[in-house]
Amino acid sequence: MTETTQTGGTQRVAHGGVTHAIVRLPPGLYFVATPIGAARDITLRGLDILASADLLAAEDTRTLRHLMDIHGVALSGRPMVAYHDHSGAAVRPRLLHALAEGKSVAYASEAGTPLVADPGFQLGRAALEAGAAVFAAPGPSAVLAALTVSGLPSDRFLFAGFPPATKAARKTWLSAMKDIQATLIFYESPKRVGQMLIDLVQCLGGERQAAVARELTKRFEEVRRGTLAELAAGFSGQSVKGEIVVLVDRAAAKRAGPEEVAAALRERLVRMRVKEAAAEVAEALGVPRRDVYQMALRLEAEG
Ligand code: SAM
């Protein structure tokens, strides 16, 4: 049931326990993140923007219409146009014209956050170059949902998007990421994930911890965790369905050798006490504090 109330200048629409407001949006382009599975993952502000923008644009207009129907957001005669970066040259001028007229334009990609392995970049840049304001209505994205459940370090990560589809190009591309000190995050098609895991083992080694997150926020959500070698073996010969994110831990940091530790200590011992120098070097090089302290005492004694 949909119920509409009016307070002051704001119209509120309650539908299925969720209320959104029809407001006067400042002019500009609004990138609206939409669910990657569970329809109720749309944000309240996302709904407000979809309900209020003068013009709607979508990668897939049917998907956006469906999402708006679920949440009782009426189109109310507003135009909705299909927009894709590759075929966008014809549609972009229309959207830029609306922005130039001081209108609000909301854009949603098929799922998740626009611009993240999805259209939107060309549109956002063109809008900025034309002097329009660009806003984000942040929300779901498979990259962050997968990182959240992976169990892998989240302090630093690299989102690499989809690997190249051909084997040779994929292996060159993956090998270039071998030494990156960050959790690596890839989108991959279910058809190729088995082969991609084999390629990852060949390019990065089988020892690293990794995770394969499938159908996040959906009914058949599944996360498999293990070393790359274990995951490659687990997926071997299996037919896989659904949407997939692959995550790989960074390469283990190389342990600093005794010369490197001694050099770091000597540099500090001229200006610090033994204990402080040892603590700092142990922290910086990831070497056990006790070993560094013993070496610092020896170096101090040698003068
Ligand atoms: N813009 C989207 C985002 O913010 O995540 C990504 C769009 S990209 C075209 C689609 C890819 O995202 C899928 O092939 C899959 O790799 C990943 N993906 C999207 N939804 C997912 C889900 N529910 N579970 C796992 N991966 C998902």
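**The ligand and its shell**

Biologist: Which strands each supply at least two residues of the shell around the ligand?

Modeller: β10 (183-188) and β13 (244-248) do, strands being DSSP runs of E, at least two residues, numbered from the N terminus. This is a predicted model, in which local features need pLDDT of at least 70, side-chain atom pairs count only at pLDDT 80 or more, and totals for chains, interfaces and linings use all residues. Residues are numbered from 1 along each chain as its sequence is written, and side-chain values use heavy atoms, with hydrogens and water left out.

Biologist: What makes the ligand lie between domain 1 and domain 2?

Modeller: Domain 1 (2-140) and domain 2 (143-248) both give residues to the shell, so the ligand lies between them; the bounds come from an automatic or database domain assignment.

Biologist: Why is the pair formed by E243 and the ligand called a polar contact?

Modeller: A polar contact is a pair of N or O atoms within 3.5 Å, and an N or O atom in the side chain of E243 is 3.3 Å from a nitrogen atom of the ligand, so the pair qualifies. A backbone N or O atom of T113 also qualifies, at 2.9 Å from an oxygen atom of the ligand. The protein buries 89% of the 570 Å² that the ligand exposes when taken alone, by the Shrake-Rupley method with a 1.4 Å probe.

Technical notes
A polar contact is a pair of N or O atoms within 3.5 Å; within protein, one must be able to donate a hydrogen and the other to accept it, and residues adjacent in sequence count only if both atoms are side-chain atoms. Helices (H or I, at least four residues) and strands (E, at least two) are DSSP runs, numbered from the N terminus.
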